[in-house]
Amino acid sequence: MTSTATSGGPTGPTGPAGPTGPAGPAGPTGPTQTVPARPEPPRQGAAPPAAAGPTQTRWLLPVILLVVGNFMAVLDVTIVNVAIPAIQKDFGGSLDDVLWIATAYTLMLGVVVPLSSWLGERLGLTLVYILSLAGFAVGSALCGVAGNLGMLIAFRVLQAIPGGVMPVVAMTLVYRIVPREKLGVAMGVFGLGIILGPAAGPVLGGYFVQYMDWRLVFYVNVPVGLLGALATYLLLPRVPGRRGRKFDVPGFLCVGVGLFAVLLAASEGSSWGWDGYRVRMLLVGGLLCLALFVVIELEVEQPLLDLRAFAVWPFTSSLLMLTALQINLLALSFFIPTFLQQGQAKQAFDAGVLMLPAAVVTGVCMPVVGRIYDRVGARWLGVFGLLISAYGTYLMCRITPEVTSSEVIFWTCVRGIGLGLSIMPIMTAGLAALPAAQTNAGSALNNVARQCGGALGLAVLSAVSISQQAQLLADRGALIRASDQAPTTAGLTSPRVFASMYSKYQYLSSQVMASSYANLFLVVALLTAACVGLAVFLRSPTNASSSGKSAGARPH
């Protein structure tokens, strides 16, 4: 029910009072910046402390501080990928070994994200966010000073611990410190980190690698993280924790092992073989652990993650749409720069620059969309955003070795407009449909779904692309004339003949890569378009506002 995040309804601009009576939200004009110290989370059905009431000038700056942490966590996923060839050149080792720099980070994120919900409630959201910013800066500094590949992988695991906690806590804090009728605008601003991170990564990483030193992809986080932690300590409203909630050790072990196994199988499936016994054992074992986690969470009194949030269909449908959009976002942010570098021989920085206009377009759209959301809700923003995203992704099916830079910019900008229209309204609507007591758990589930879904989708698409390219290369290579395939011994020593053969091979490889990527883009476009059917059923603000109180009483 989306309107729980909109102004409204019959209860006036302060939002529904809920069963808490006088303890409900004070409205957007409250005089204090500090969130009142009250037991957390409130009783199911009570109005959340999110509406406790800073004015716009008081909540906007804290939200910007939360964008910093979210941006750093998302940026680090893509900025490091650009530096992997340079790291391999310095440290040596096979490409599979060096790719563990990214794989280890992703695997640790899957383990840590479920823990973040418990940490936020036990220690306090504000304290956990400050510690995460500082810890991420320290972890980044350790990665920058690593002397060999093993140390770098170990430090990436340490860096992923605060990197996984930050987005969950930041999103929950937005719901705690922003008036409910301003959540659309606030989430539009907050979403800039989610969108700009993957796009800015190739640009910054490419510049550092091409013109400076690859270690700067880690060092850049240090001053930003430390200054952000200091500013957060001084300016962010305090959201205290509460003692008494037990840590669900069996649940944590099951979800940690399960997600680790499934993500490891997806990451290594293409190199180990999808039908190999290692991948099969990991998938079966991981799925069994996740199934046991569901049983445990539904039985224990104080679960690590409140899986009952899935009973609220608007929230569940929003997760399905967000997972598809995350696959779209990560897949194209990976495959387009890869094609520009390998298929068209562009430098890393030049390829990243071509992705920047789409990020700018999306960044301009999101705050505007936040204001529109506060008026019309998420339904039509989600529908039109998904359709435009699907169309922009479909345009990329025309990719060829001769594609021009202007075509790439146009296609990615169309897709970027769709992402800007759809991501934050869908996310806001899903979380706003939850009772206040489930907001923290819903934020954690949101991040688990996006992180793991995006990683799994990218891994599967990459494996499909590799196998398809091998098959296409063999098929098209067989069509080359025998005279071209088997030059004489004298011809092999001729520079002109060798250059001609190498040129043909390069062009054939770029054609094969373009064909395989075009097929992947078609799959992603269809997946995105299929989500339109879910977006049609997103609740309008009028419907939701009239039932805002019931959202906490029963799932829909």
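Let me begin with a single residue, L234, which lies in helix α9. Please keep in mind, as we go through this, that what we are looking at is a predicted model. L234 has a relative accessible area of 58%, and because exposed means over 50%, this residue is counted as exposed.

L234 also belongs to a nonpolar patch on the surface, which it forms together with L61, I64, L230, Y233 and L235, and these residues have about 570 Å² of accessible area together. If we ask which elements give two or more residues to that nonpolar patch, they are α1, covering 56-91, and α9, covering 221-235. It is α9 that supplies the largest share, with four residues.

Let me turn now from the surface to the enclosed spaces. When the whole structure is searched, six cavities of 30 Å³ or more are found, and I would like to spend the rest of my time on the second largest cavity, which holds about 120 Å³ of space. This second largest cavity is lined by 14 residues, and those closest to its centre are A199, L329, A358, A359 and R415.

Where does the lining come from? The elements that give two or more residues to the lining of the second largest cavity are α7 (192-211), α12 (313-342), α13 (348-376) and α15 (405-432). As for the character of that lining, its residues divide into nine nonpolar, four polar and one charged.

So those are the two places I wanted to show you: the surface patch to which α9 gives four residues, and the second largest cavity, with R415 among the residues closest to its centre.

Conventions: Residues are numbered from 1 along each chain as its sequence is written. This is a predicted model: local features need pLDDT of at least 70, side-chain atom pairs count only at pLDDT 80 or more; totals for chains, interfaces and linings use all residues. Side-chain values use heavy atoms; hydrogens and water are left out. Patches are made of residues with over 30% relative accessible area and no salt bridge: like charges are joined within 9 Å, nonpolar side chains (Val, Leu, Ile, Met, Phe, Trp, Tyr) within 5 Å. Accessible areas come from the Shrake-Rupley method with a 1.4 Å probe; for residues, only the protein chains shown count as cover. A salt bridge is a side-chain nitrogen of Lys or Arg within 4 Å of a carboxyl oxygen of Asp or Glu. Buried means under 20% relative accessible area, exposed over 50%, partly exposed in between (1.4 Å probe, protein chains only). On a 1 Å grid over the protein atoms alone, a cavity is a set of points where a 1.4 Å probe fits but cannot get out, and a pocket is an open set with protein on both sides within 12 Å along at least five of seven lines; lining residues have an atom within 4 Å of a point. Grid points are joined across faces, edges and corners, and a volume is the space filled by probe spheres set on the points. Ala, Val, Leu, Ile, Met, Phe, Trp, Tyr, Cys and Pro count as nonpolar, Asp, Glu, Lys and Arg as charged, and the others, Gly among them, as polar.
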